[in-house]
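Subject: Structure for your review

Dear colleague,

Here is the structure I said I would pass on. My notes on it follow below.

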Amino acid sequence: MASTATSFCSPPLTSSRRCQQLNPNRLSFPINLNTAKRAPNLTVQHAPLPLKVLCARGKRGATAKKPATSDPVYRNRLVNMFVNRILKKGKKSLAYHIIYQALKNIQQKTQSNPLAVLREAVNGVTPDVAVKARRVGGSTQQVPIEVGTFQGKALAIRWLLEASRKRSGRSMVLKLSSEVMDAAKGTGEAIKKRETTHKMAEANRAFVHFR
């Protein structure tokens, strides 16, 4: 009695909707040349290019940096940098309100030009060097790196805003104005952050060639 071998071939096509015969004229991939010789009326269509390849064709060069603009009231670029970095969820009018009210509060408390106090605070917080995490010998080390003028100013603004948010209280206007005035006097959390960064850079001076 001969044993019936299990067939691994595909089942015959049926007339159901799930098993409909493909139209060879609508193939979207290249077929074998021998098949093309047997079926001369068969039109071969190559597969469309993927989206990644199509996007890479129109790739442009590096975009140029936009120059810093001034704010509409004080006509100062530093104030506009504060506005852009305190901005959240696209609420720029609220960011302008916080910065202008903080500068007004500084003017009332110090009886001096608020822009001069703000500039003095930013210059006091701006670091000379910064540290960046690098993989050195199987471990992560904080490698000292040089800081440019624009990058140092951006770090100073970031540290001032972070220190202001950590202060107690609910009004961001009062917290920001207090932190700016403290930084102008050489005190505050932003000044401590700068000193900590300098100490860390000095401690990891041996890894300066890994930058």
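I start with one helix pair, and please keep in mind throughout that this is a predicted model. The axes of α5 and α7 come within 8 Å of each other, crossing at roughly 65 degrees. The crossing in which α5 passes α7 is left-handed. On the α5 side the contact is made by Val117, Leu118, Glu120, Ala121 and Val125, and on the α7 side by Val180, Ala183 and Ala184. Sorted by class, the contact of α5 with α7 has 7 nonpolar residues, 1 charged residue and no polar ones.

For orientation, the overall layout is as follows. The protein has 8 helices and 2 strands, and along the sequence they follow the pattern α-α-α-α-α-β-β-α-α-α. Of the 211 residues, 29% are buried. The protein exposes about 15,800 Å², with carbon and sulfur atoms supplying 53% of that area. Taking the contacts between residues at least 6 apart in sequence, 55% join residues at least 24 apart.

Next, the interior. The largest nonpolar core contains 39 residues, and those with the most contacts inside it are Phe82, Ile86, Ile99, Val125 and Leu176. At least two residues of this core come from each of α3 (77-86), α4 (92-110), α5 (114-125), α6 (149-166), α7 (172-185) and α8 (189-203). The largest share, 8 residues, is supplied by α4. Val125 thus turns up twice in these notes: among the core residues with the most contacts, and in the contact of α5 with α7.

Which helix is largely enclosed by the rest of the structure? That is α3, because 7 of its 10 residues are buried. The buried residues of α3 are Leu78, Val79, Asn80, Met81, Phe82, Val83 and Ile86. They pack against α4, α5, α6 and α7.

Phe82 is worth selecting in the viewer. Leaving aside residues up to four places away in sequence, Phe82 touches Ile99, Leu118, Val122, Ile157, Leu160 and Leu161. One of these, Leu118, also belongs to the α5 side of the contact with α7. Another, Ile99, is listed with Phe82 among the core residues with the most contacts.

That is what I have on this model.

Best regards

Methods
Residues numbered from 1 in each chain as written. Predicted model: local features only at pLDDT ≥ 70, side-chain atom pairs only at ≥ 80, totals over all residues. Heavy atoms only, no water. Core = buried A, V, L, I, M, F, W, Y, C linked by side-chain atoms within 4.5 Å. Buried < 20%, exposed > 50% of the residue type's maximum accessible area, 1.4 Å probe, protein only. Helix = DSSP H or I, 4+ residues; strand = E, 2+ residues; numbered from the N terminus. Contact = heavy atoms within 4.5 Å. Axes fitted to C-alpha atoms, helices over the stretch in contact; angles between N-to-C directions. Left-handed = near helix turned anticlockwise from the far one by under 90°. Nonpolar A, V, L, I, M, F, W, Y, C, P; charged D, E, K, R; others polar. Areas by Shrake-Rupley, 256 points an atom, 1.4 Å probe, with all protein chains shown as cover.
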